[in-house]
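Q: I'd like a close look at a single part of this model, followed outward into its surroundings. Could you walk me through it in one connected answer?

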Amino acid sequence: MTEMRLTLRLDANGTPLLGHGKIRLLEQIGRTGSISAAARVMGMSYRRAWLLVEAMNTAFTQPLVSARPGGGGGAGLSPQGEAVLRLYREIEDAARDATRAPLEALGAMCAPAP
């Protein structure tokens with residue numbers, strides 16, 4: 001049977017807000033404490049990562065990523081960033097639970113992988 005995977009993209013006012021790429025970036029920033037380190041882990045340029053962070057920070061009422069205090073450089077998730085990450089994962093879990101049976105049925109209808 002074909003393994004199916006559900007991915008979510010959330011739009012706000014007709015504009016892409018969050019998807020699995022931005023969420024992975026937030027997770028990596030939280031893990032590494034750095035936008036540049038997160039970008040390296042994900043195989044993207046620092047500029048691309050920074051633009052994604054800037055878009056997310058602008059899209060929410062409070063920034064999701066902020067500079068670490070103390071002048072030593074680095075970045076981390078703000079409390080709102082942590083909340084957004086948690087809420088996205090909750091939505092993802094609920095969607096996965098709700099679609100398990102139809103996805104399995106669909107997977108059974110797919111041709112096997114070469």
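Does S78 count as buried or exposed, and what is its relative accessibility?

A: Happy to take you through it, with the reminder that this is a predicted model. S78 has a relative accessibility of 10%, under the 20% cut-off, so S78 counts as buried. You will find S78 in the loop that links strand 4 (75-77) to helix 4 (79-109).

Next, the surroundings of S78. Leaving out residues up to four places away in sequence, S78 touches P63, L64, V65 and S66. With P63 there is a polar approach to look at: a polar atom of the S78 side chain sits 2.5 Å from the backbone oxygen of P63.

V65 is a good residue to follow from here. Apart from neighbours within four places in sequence, V65 is in contact with S78, and also with L26, I29, I35, V53, N57, A75, G76 and L77. V65 also belongs to the largest nonpolar core, a set of 24 residues. Along with L18, L25, L26 and I29, V65 is among those with the most contacts inside that core. At least two core residues come from each of strand 2, helix 1, helix 2, helix 3, strand 4 and helix 4. In soluble globular proteins, nonpolar side chains tend to be buried together.

Helix 3 (residues 46-59) is worth a turn of the viewer. Its 14 residues reach 20 Å from first C-alpha to last, close to the 20 Å expected at 1.5 Å a residue. The buried residues of helix 3 are A49, L52, V53, M56 and N57. Looking down the axis of helix 3, these buried residues fall within an arc of 135°, so they line one face of the helix. R47 and T58 are exposed, on the face turned away from that buried side. The buried residues of helix 3 pack against strand 2, helix 1 (20-32), helix 2 (35-42) and strand 3 (65-67).

Helix 2 brings its own set of buried residues: I35, A37, A38, A39 and M42. They pack against helix 1, helix 3, strand 3 and strand 4. After helix 2 comes G43, with a positive phi near 70°.

M44 lies in the loop between helix 2 and helix 3. Its relative accessible area is 22%, so M44 is partly exposed. Neighbours within four places in sequence aside, M44 is in contact with A39, A49 and L52. From M44 to L25 the C-alpha distance is 10.0 Å, across 19 residues of sequence.

Finally, the strand that holds L18 is part of a hairpin. Strand 1 (residues 9-12) and strand 2 (residues 15-19) run antiparallel and are joined by four bridges. L10 stands opposite L18 in strand 2. Two residues lie between the strands of this hairpin, and N13 is found in that loop. Most residues other than glycine have a negative phi. N13 has a positive phi, near 55°, and is a residue other than glycine. N13 has 83% relative accessibility, so N13 counts as exposed, whereas S78, where we started, counts as buried.

Technical notes
Residues numbered from 1 in each chain as written. Predicted model: local features only at pLDDT ≥ 70, side-chain atom pairs only at ≥ 80, totals over all residues. Heavy atoms only, no water. Buried < 20%, exposed > 50% of the residue type's maximum accessible area, 1.4 Å probe, protein only. Polar contact = N/O pair within 3.5 Å; in protein donor to acceptor, adjacent residues only side chain to side chain. Contact = heavy atoms within 4.5 Å. Pairing = 2+ DSSP bridges. Expected span 1.5 Å × (residues − 1). Arc of directions from axis to C-beta. Core = buried A, V, L, I, M, F, W, Y, C linked by side-chain atoms within 4.5 Å.
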